[in-house]
Amino acid sequence: MRYFTSNPLERLMMQAPPPRQEQRAKPAPPKDHPCHGCKRCGESCVLPCYRGVEVIPPIPDRARSR
């Protein structure tokens, strides 16, 4: 095969990339963990969790307070 340049990176770029390893799923947290059963488990979690909030307080309207 002929190459366009004598640059060694050209040969490197024409190679097929090596196969990647598949990432294994993280095991579920134990039942006594606060994140057990959470659909966001494994993401960046900050407690208190959204599941612990029962009622979201209303945001006061700034136009009415003026």
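Reader: What makes the link between the side chains of E10 and T5 a polar contact?
Author: Its length is 2.7 Å, and a polar contact requires a pair of N or O atoms within 3.5 Å, so the link between E10 and T5 qualifies. The model is a predicted one.

Reader: Where does E10 lie, and which residues beyond its neighbours in sequence does E10 touch?
Author: E10 is part of helix α1. Setting aside residues within four places in sequence, E10 is in contact with Y3, F4 and T5.

Reader: Why is E10 said to have no salt bridge?
Author: R11 carries the nearest side chain of opposite charge, and R11 is 6.2 Å away. A salt bridge needs a side-chain nitrogen of Lys or Arg within 4 Å of a carboxyl oxygen, so the pair E10 and R11 does not count as one. E10 is nevertheless buried.

Reader: Why is L9 called partly exposed?
Author: The relative accessibility of L9 is 49%. Exposed means over 50% and buried means under 20%, so L9 falls in between and counts as partly exposed. L9 is also in helix α1, which covers residues 8-14.

Reader: Which residues form a nonpolar patch with L9?
Author: L12 and M13 join L9 in a nonpolar patch on the surface, and together they have about 350 Å² of accessible area. A patch takes residues with over 30% relative accessible area; L9, at 49%, therefore passes that limit.

Reader: Is A28 buried or exposed, and why?
Author: A28 has 66% relative accessibility, and the cut-off for exposed is over 50%, so A28 counts as exposed. A28 sits in the loop between α1 and α2. A28 and G42 are 14 residues apart in sequence, with 8.9 Å between their C-alpha atoms.

Reader: Why does P34 get the label it has?
Author: P34 is at 47% relative accessibility. This value is neither under 20% nor over 50%, so P34 counts as partly exposed. P34 is located in the loop between α1 and α2, where α2 is residues 62-65. From P34 to C49, 15 residues along the chain, the C-alpha separation is 8.4 Å.

Reader: How do you know that C35 is buried?
Author: C35 has a relative accessible area of 11%. Buried means under 20%, so C35 meets the condition. C35 belongs to the loop between α1 and α2. The C-alpha atoms of C35 and C49 are separated by 8.3 Å, with the two residues 14 apart along the chain.

Reader: How many of the 66 residues count as buried, as a percentage, and what is the secondary structure?
Author: The buried share of the protein chain is 8%. The chain has 2 helices and 0 strands. Its accessible surface is about 7500 Å², with 56% belonging to carbon and sulfur atoms.

Conventions. Residues are numbered from 1 along each chain as its sequence is written. This is a predicted model: local features need pLDDT of at least 70, side-chain atom pairs count only at pLDDT 80 or more; totals for chains, interfaces and linings use all residues. Side-chain values use heavy atoms; hydrogens and water are left out. Patches are made of residues with over 30% relative accessible area and no salt bridge: like charges are joined within 9 Å, nonpolar side chains (Val, Leu, Ile, Met, Phe, Trp, Tyr) within 5 Å. Accessible areas come from the Shrake-Rupley method with a 1.4 Å probe; for residues, only the protein chains shown count as cover. Helices (H or I, at least four residues) and strands (E, at least two) are DSSP runs, numbered from the N terminus. Buried means under 20% relative accessible area, exposed over 50%, partly exposed in between (1.4 Å probe, protein chains only). Lys and Arg count as positive and Asp and Glu as negative; His and the chain ends are not counted. A polar contact is a pair of N or O atoms within 3.5 Å; within protein, one must be able to donate a hydrogen and the other to accept it, and residues adjacent in sequence count only if both atoms are side-chain atoms. Contact means heavy atoms within 4.5 Å.
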